[in-house]
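Hi,

Here is the structure I said I'd pass on. Have a look at it first, and my notes follow below.

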Amino acid sequence: MPGPRGVHRKALTSATPGDFVPGSGGVPVYLVTMQGRFVAYDVSVPPGAAAPTGRYASLVLDARTFDTMDLGIDQNPPPVLPESLGPATELLHPGATG
């Protein structure tokens, strides 16, 4: 499993705090949170602004289609622990340390 299964509204509190998508409260989703070095190249930014970067990336995936519904990148860990949203599975890349 890619991460805790929950509903879209709850996953947004971890991936993109303060974001709200009307009518999505009961949509089943997977929340995937990764630690590493991330740059969001394919997003809209104001003219002259740099692409968002961070140490944590969180994806909200539609549980039925696996389509990406939301993406958040931040320097800090998510404000809501993913395991507080449902069952969680931790995956470690074979080359990762820690």
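Which residue stands opposite G54 in β3? That would be F38. Before going further, bear in mind that this is a predicted model, so some parts deserve more trust than others.

The overall layout first. The chain holds one helix and four strands, and read from the N terminus the order is β-α-β-β-β. Of its 98 residues, 31% are buried. The accessible surface comes to about 6,600 Å², with 56% of that belonging to carbon and sulfur atoms. If you take the contacts between residues at least 6 apart in sequence, 50% of them join residues at least 24 apart.

On confidence, the average pLDDT over the chain is 77, and 70% of the residues score at least 70. Among the elements, β3 has the highest mean pLDDT, at 89, while strand β1 (residues 5-7) has the lowest, at 54. Residues 1-5 stay under 50 in pLDDT, though the model still gives that stretch 23 contacts beyond four places in sequence.

Now to β3, where I spent much of my time. How many bridges join β3 to β2? There are nine, and the two strands run antiparallel. On its other pairing, β3 is joined to β4 by six bridges, again antiparallel, and there A57 stands opposite I73 in β4. The strand is mostly covered, too: seven of its ten residues are buried.

S58 is a nice residue to click on. It sits in β3, which spans residues 53-62. Is S58 buried or exposed? Its relative accessible area is 3%, and the cut-off for buried is under 20%, so S58 counts as buried. Its side chain also has a partner: there is a polar contact with the side chain of T33, at 3.1 Å.

Then the aromatics. The count comes to one aromatic pair, formed by Y30 and F66. The rings are stacked, with 5.7 Å from centre to centre and 5° between the planes. What does this pair tie together? Y30 lies in strand β2 (residues 28-39) and F66 in the loop between β3 and β4 (68-74), so the pair links parts that are 36 residues apart in sequence.

The two partners are covered to different degrees. Y30 has a relative accessibility of 7%, and because anything under 20% is called buried, Y30 falls in that class. F66, on the other hand, has a relative accessible area of 47%, so it ends up as partly exposed, the class between 20% and 50%.

F66 is worth a second look for its backbone as well. The hairpin of β3 and β4 has five residues between the strands, and within it F66 takes a positive phi near 65°. As another marker for that region, the C-alpha atoms of Y30 and R64 are separated by 9.5 Å, with their positions 34 residues apart along the chain.

If you only have a few minutes, I'd start with S58 and its contact to T33, then move over to the stacked rings of Y30 and F66. Tell me what you make of them.

Cheers

Methods. Residues are numbered from 1 along each chain as its sequence is written. This is a predicted model: local features need pLDDT of at least 70, side-chain atom pairs count only at pLDDT 80 or more; totals for chains, interfaces and linings use all residues. Side-chain values use heavy atoms; hydrogens and water are left out. Buried means under 20% relative accessible area, exposed over 50%, partly exposed in between (1.4 Å probe, protein chains only). A polar contact is a pair of N or O atoms within 3.5 Å; within protein, one must be able to donate a hydrogen and the other to accept it, and residues adjacent in sequence count only if both atoms are side-chain atoms. Rings of Phe, Tyr and Trp (its six-membered ring) pair if their centres lie within 6.5 Å; planes under 30 degrees apart count as stacked, over 60 as edge-to-face and the rest as tilted. Two strands pair if DSSP finds at least two bridges between them. Contact means heavy atoms within 4.5 Å. Accessible areas come from the Shrake-Rupley method with a 1.4 Å probe; for residues, only the protein chains shown count as cover. pLDDT is the predictor's confidence in each residue, from 0 to 100.
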